[in-house]
Amino acid sequence: MLATNSQLLYEGNHSSLYFQTVNESTSAFIVKILKSNQINALETSQLNNEYLITQLLDGIKGVRKVISKEYINGYPAILLEYVQGATIKDFFGKDKHSIPTFLKIAIQISDTLSQIHQRNIIHKDINSNNIIYNQETKEVKIIDFGISTKISLKTQNLGNPNKLEGTLAYISPEQTGRMNRLVDHRSDLYSLGITFFEMLTGKLPFEAEDPMELVHSHIAKNPPKVGDFNLGITPIIEQIVHKLLSKSAELRYQSALGLKNDLEVVLKSIESGTDIPADFRLGQMDFAGKFQIPQKLYGRDKEIAEL
């Protein structure tokens, strides 16, 4: 509960930073509150959803904790753990960082995402603004589960591209709602590939002001190579990002754990100054851990070509 001695430190559009003294110790927390005079059902639903989903993820170190759900001055609100640090976008956007630094952060993100997926949750909005990095503690936190869902076989129809769920520059091809494919945990891996690309190059692979052009890029346009923007990128890292950005979910990593394993192999090689083993192949330890029927359409090659 928001104590009467709480003090407001920062206030944004939908969140406020408070600190309060409890048992002579000071703790900071975020209050995410809907303060508009006309609170719509979607915003309320997303706020409740973030509270419920984050509760399901309790105990995962790399996920920002939820404290409680409240009404403050008549407005719905949730209290969240205050996470010290900078967004991945800011951390990698302001300064150029070494490849080992990228790998260590990427491994943490992959590990946390793996734990989220193991609890059958799809984040659906992985991007560089929803990942916080604390440079002092070297810890990573994934935040903002407002549109996250429990994994189901329900087809996502996201409608108008101006109203797509998630952040359009990061969404997977199947998340556009235009490929007649189900959205599952591998959509998060595509979004993570976009985030990795941005961390390594300072750019997004697809940039456009027109939403339809971005949708088309995710569905049909091949992303540029990471090495075209950062000459210090090793081929193996470029291959990892390329695999994450595969248009077909079957060609991506099938698990964040498999991705984490490959990143660890690369980091170990760099830190030890040795070559990556000759028999190493991407995805050797990549197992979905779930029964999945491939969604690729087989046969009718002539008809598909004509279409």
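Two strands are counted as paired if DSSP finds at least two bridges between them. On that criterion this predicted model contains an open sheet of 3 strands in the order 6-8-9, with antiparallel pairing. Strand 6 and strand 9 are the edge strands, each pairing on one side only. Helix 3, residues 99-118, packs on this sheet and touches strand 8 and strand 9; the direction of helix 3 makes about 40° with that of strand 9.

The pairing can be followed residue by residue. Strands of a sheet pair through backbone hydrogen bonds, either parallel or antiparallel. Here strand 6, residues 86-87, runs antiparallel to strand 8 and is joined to it by 2 bridges. In these bridges A86 stands opposite Y133 of strand 8, and T87 stands opposite I132 of strand 8. On the other pairing, 4 bridges join strand 8 to strand 9, residues 139-142, again in antiparallel fashion. N134 of strand 8 has E139 of strand 9 as its bridge partner. The connection between strand 8 and strand 9 is a hairpin with 4 residues between the strands. Within that turn, K138 has a positive phi of about 65°.

How are the two faces of strand 8 placed with respect to solvent, buried or exposed? In a regular strand the side chains alternate between the two faces of the sheet. For strand 8, residues 131-134, one side carries I131 and Y133, while the other carries I132 and N134. The four residues are all buried, and both faces of the strand are therefore covered, given that buried means under 20% relative accessible area.

A further antiparallel pair is made by strand 4, residues 66-72, and strand 5, residues 75-81, which are joined by 6 bridges. V66 of strand 4 has L80 of strand 5 as its bridge partner. This pair is also a hairpin, with 2 residues between the strands. In the hairpin of strand 4 and strand 5, N73 takes a positive phi near 55°.

Attention now turns to a loop residue. Q284 is found in the loop between helix 7, residues 256-272, and helix 8, residues 301-306. Is Q284 buried, partly exposed or exposed? Its relative accessible area is 39%, so Q284 is classed as partly exposed. Leaving aside neighbours within four places in sequence, Q284 is in contact with D262 and D279. A polar atom of the Q284 side chain lies 3.2 Å from the backbone nitrogen of R281. Between Q284 and N261 the C-alpha to C-alpha distance is 8.7 Å, although the two are 23 residues apart in sequence.

These elements belong to a protein chain with 8 helices and 10 strands. Of its 307 residues, 46% are buried. Among contacts with a separation of 6 or more, 63% are between residues 24 or more positions apart. The accessible surface of the chain comes to about 16400 Å², and 50% of this belongs to carbon and sulfur atoms.

Confidence varies along the model. The chain averages a pLDDT of 85, and 81% of the residues score at least 70. Over residues 8-13, however, the pLDDT is below 50, and this stretch has 13 contacts in the model beyond near neighbours in sequence. The pLDDT is also below 50 over residues 16-25, a stretch with 44 contacts in the model beyond near neighbours in sequence.

Technical notes. Residues numbered from 1 in each chain as written. Predicted model: local features only at pLDDT ≥ 70, side-chain atom pairs only at ≥ 80, totals over all residues. Heavy atoms only, no water. Buried < 20%, exposed > 50% of the residue type's maximum accessible area, 1.4 Å probe, protein only. Contact = heavy atoms within 4.5 Å. Areas by Shrake-Rupley, 256 points an atom, 1.4 Å probe, with all protein chains shown as cover. pLDDT = per-residue confidence, 0-100. Axes fitted to C-alpha atoms, helices over the stretch in contact; angles between N-to-C directions. Polar contact = N/O pair within 3.5 Å; in protein donor to acceptor, adjacent residues only side chain to side chain.
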